[in-house]
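Me: Got a minute to go through this model with me? I'd like to start with how the helices pack.
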Amino acid sequence: MNALLDAALGYAARGIPVYPVHWPHRTKGGASVGCSCRHGAACDRSAKHPLVRHGVNDATTDPAQLEHWWRRWPHANLGLATGIVFDALDVDSPAGLAPLRQLAQAAGLRLPGPVVRTGGGGWHYWFAPTGLGNRPPHGLAHVDWRGIGGCVLAPPSRHASGGTYRWLVGLDAAPLPEVPATLRALLDPDQLTTTQPTGPARPIAPGHPYGRRVLADELAALGRATPGHRNHTLNQTAFKVYRYVASGLLGDQEVTLAFTTAALAIGLDPAEVGRTLASARTAGLANPRGVPAGSTPTKGDGV
Ligand SMILES: [Zn+2]
């Protein structure tokens, strides 16, 4: 039995459309490895481009079609359509992992789901689909998002460099996680710009009206920070707000998301934002603050 076909049928059984991709092919005499296409060693997308005319648009979950393809091309790599059963965070090299790790320090961002080590020295983190298309996360170099209309190669495909795609954390070991809010903010920065200082702040639920007002005020202060003072202002304003998270007036995730979005919008570096928010959060959570006596509640908020 062909391990590639086996894997293709396995993905299809999970509802993931599969299509055949060129594979690394030893050139005549075996001196070097090239692409299985007619360009051989000169191919510039070696072992990564589709064998079928419409690429990912030809992907299918039909077992008969998959058997037909892998009978015809038994060595074909496996291309999977993203955006349907899963999305993937595509980290192309260790250079892409470093800023992601720094960002992860904010709000305990974890990438807990299935992970593929790619044959080319990168990583694919699988998530539940977001409904977003392909795009690079805001401010993260060497990282891409594969969503609707996108594709990734999957184990046990082989890379032109000789490496094999393999599971570090398999599909059965972990359910597909939702995208953490901090990462989602980098993928879809426009979605939350309504929490920005201009105009009435969109209510962030759950949250106490007093906490929401503090959050809006501090986000406004952050928006007014001048270059050179922005990181310091982020630290100060986030610290104040996390104190209300500690007393239960605001949600941890909501606050982190709002500050991440606002800080990126004023041009702070994502890794710096991650570090600063992590520190402000630790300090704020250790110093809870409640609604001060004599504060005027907003009409209709029932407090
Ligand atoms: Zn080729």
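Me: At what angle do the axes of helix H6 and helix H8 cross?
Reply: Roughly 40°, and the axes of H6 (residues 230–246) and H8 (residues 270–285) come within 7 Å. That makes H6 oblique to H8. Axes here are lines fitted to C-alpha atoms, for helices over the stretch in contact, and angles run from 0 to 180 degrees between N-to-C directions. Angles under 35 degrees count as roughly parallel, over 145 as roughly antiparallel, 65 to 115 as roughly perpendicular and the rest as oblique. Helices (H or I, at least four residues) and strands (E, at least two) are DSSP runs, numbered from the N terminus.

Me: Before I go on, what should I know about the source?
Reply: It's a predicted model, where local features need pLDDT of at least 70 and side-chain atom pairs count only at pLDDT 80 or more, while totals for chains, interfaces and linings use all residues. Residues are numbered from 1 along each chain as its sequence is written, and side-chain values use heavy atoms, with hydrogens and water left out.

Me: OK, which residues of H6 meet H8?
Reply: Among them are Leu234, Ala238, Phe239 and Tyr242 of H6, and on the H8 side the contact includes Val273, Leu277 and Ala280. Contact means heavy atoms within 4.5 Å. The residues in this contact divide into 11 nonpolar, five polar and three charged. For that split, Ala, Val, Leu, Ile, Met, Phe, Trp, Tyr, Cys and Pro count as nonpolar, Asp, Glu, Lys and Arg as charged, and the others, Gly among them, as polar.

Me: And how do H1 and H2 pack?
Reply: H1 (residues 3–13) and H2 (residues 63–72) pack at about 160°, with their axes 10 Å apart. They are therefore roughly antiparallel to each other. The contact involves Leu4, Leu5, Ala8, Leu9 and Ala12 from H1 and Pro63, Leu66, Glu67 and Trp70 from H2. It divides into eight nonpolar residues, no polar and one charged.

Me: Switching to cores: how many residues does the largest nonpolar one have?
Reply: It has 40, and Leu234 and Phe259 are among those with the most contacts inside it. Apart from it lies another core of 32 residues, including Leu5 and Trp69. A nonpolar core is a set of buried Ala, Val, Leu, Ile, Met, Phe, Trp, Tyr and Cys residues joined through side-chain atoms within 4.5 Å. Buried means under 20% relative accessible area, exposed over 50%, and partly exposed in between (1.4 Å probe, protein chains only).

Me: What does Phe259 touch?
Reply: Leaving aside neighbours within four places in sequence, its contacts include Glu218, Leu234, Ala238 and Leu277.

Me: Glu218, huh. Is that one buried or exposed?
Reply: Glu218 is buried, at 12% relative accessible area. Glu218 sits in helix H5 (residues 209–224), and it touches Thr237, Lys240, Val241 and Phe259, not counting residues up to four places away in sequence.

Me: Which peptide bond is cis?
Reply: A cis bond joins Pro155 and Pro156, with omega about 0°. Pro156 is in the loop between strand E9 (151–154) and strand E10 (166–169).

Me: And what's the phi of Ala47?
Reply: Near 60°, a positive value in a residue other than glycine. Ala47 lies in the loop between strand E3 (33–35) and H2, and counts as buried at 1% relative accessibility.
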